[in-house]
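Me: I'd like a close look at one part of this complex: the side of chain A that touches chain B. Could you walk me through that, with enough background to place it?

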Amino acid sequence: MYDWLLFLHVLAAFMVAATAVIYTAVALGASPGTPAIRVADAIWNIGGLGTLVFGIWLALYVDGYEVWDGWILGAIAVWLIATGTGEQARVQLAEGARNFAAVHWVRTLAVVGLLVLMVWKPGA
Amino acid sequence: MTLLAAIRPDEWNLPLFLHLVGAMTLVGALLLVGVSLPGAGRVRTAGVVRLGFRGLLFAALPAWILMRGTAEWLASEENLDDDPPGWVDAGFMISDTGFLLLIAATICAGLAARRAGRDRPPATGLSTAVIVLVWISLIAYLVAIWVMTTKPS
């Protein structure tokens with residue numbers, strides 16, 4: 001059970017990171033095309049939901065972790081920032097807004113921050 | 001049992017973080033190429049073909065090196081390099097095969113980009129080869145993610 005929860009949680013994290021990579025190409029000036037952006041947005045939604053659901057499930061399942069642990073609450077806060085900026089990045093890219101890249105880099109930083117919290121688990 | 005599974009020494013954190021950054025960037029770059037090339041339809045523009053080449057050369061290849069180098073670092077930290085368990089062997093086998101596929105895909109993408117840059121008709125065969133190689137790699141890395149997280153055997 002633990003192994004499968006971890007696999008699905010990590011797989012969801014890979015989806016989130018893949019969206020950040022595809023959007024990074026756009027922020028650097030590439031044009032991967034509308035289908036690629038659609039795929040990126042779809043896996044962002046699935047991955048975002050997956051990281052949260054399987055992450056909380058893991059926290060409840062693993063002895064010694066609680067959902068109210070500082071590093072988990074911190075991760076949920078960073079997840080909210082990533083979700084908010086991710087949605088903003090999607091809208092701004094669709095509208096061709098000028099500060100799309102800035103919003104995307106904040107989102108990417110939040111994704112990296114999530115990974116740091118998941119690996120180091122400060123306070124755990 | 002589940003508590004033991006979740007605990008690891010602090011010395012493993014940095015190589016694990018870098019390993020994940022490399023692996024996630026690699027998968028993201030492969031997916032970028034794997035969806036942008038077929039997404040452009042049968043007539044692929046020079047820009048999309050160039051993106052495929054650059055995505056593999058400047059993102060996927062460095063990411064593979066980071067992922068593979070830190071995998072060795074992690075194995076050494078965990079004292080798994082002398083008699084590695086099956087899941088470590090499987091990870092190395094998938095990543096090394098993935099490297100060969102990545103090199104082949106990068107060469108095909110480079111040739112396709114070169115041809116597209118000379119305003120010749122799009123090299124459909126080369127682009128298709130890139131798509132096939134990239135998607136085989138992505139499926140292999142999906143298996144690798146499963147092996148790394150569930151650690152069978």
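Reply: Here's the contact side of chain A, followed by the chain behind it and a helix of the partner.

Quick housekeeping: this is a predicted model, where local features need pLDDT of at least 70, side-chain atom pairs count only at pLDDT 80 or more, and totals for chains, interfaces and linings use all residues. Residues are numbered from 1 along each chain as its sequence is written, while chains are lettered from A and ligands numbered from 1 in the order in which they are written.

Now the contact side. 29 residues of chain A are in contact with 29 residues of chain B (C-beta atoms, placed from the backbone, within 7 Å). Three helices of chain A, H1 (2-27), H2 (34-61) and H4 (100-120), each supply at least two residues of that side; helices here are DSSP runs of H or I with at least four residues, strands are E runs of at least two, and both are numbered from the N terminus. H1(A) gives the most, with 13 residues. By class, you get 24 nonpolar, three polar and two charged residues on the side of chain A that touches chain B, with Ala, Val, Leu, Ile, Met, Phe, Trp, Tyr, Cys and Pro counted as nonpolar, Asp, Glu, Lys and Arg as charged, and the others, Gly among them, as polar. As for confidence, the predictor gives the complex an ipTM of 0.93 and a pTM of 0.91.

Behind that side, chain A comes to four helices and zero strands. Its radius of gyration, taken over C-alpha atoms, is 15 Å, close to the 14 Å from the globule rule for 124 residues, so chain A is as compact as a globular protein of that length (the rule is 2.2 Å times the number of residues to the power 0.38). The C-alpha trace of chain A spans about 45 × 25 × 20 Å along its principal axes. Within chain A, residues 24 or more positions apart account for 73% of the contacts with a separation of 6 or more.

Helix H3 (residues 70-95) of chain A holds A:Gln88, which sits 9.3 Å from A:Arg107, C-alpha to C-alpha, though they are 19 residues apart in sequence. A:Gln88 counts as partly exposed because 18 other C-beta atoms lie within 10 Å (20 or more would be buried, 12 or fewer exposed, with C-beta atoms placed from the backbone). Buried residues make up 40% of chain A's 124.

Over in chain B, the buried residues of H5(B) include B:Leu126, B:Val130 and B:Tyr141. Just after H5(B), B:Lys151 takes a positive phi of about 45°.

Terms used: Contact = placed C-beta atoms within 7 Å.
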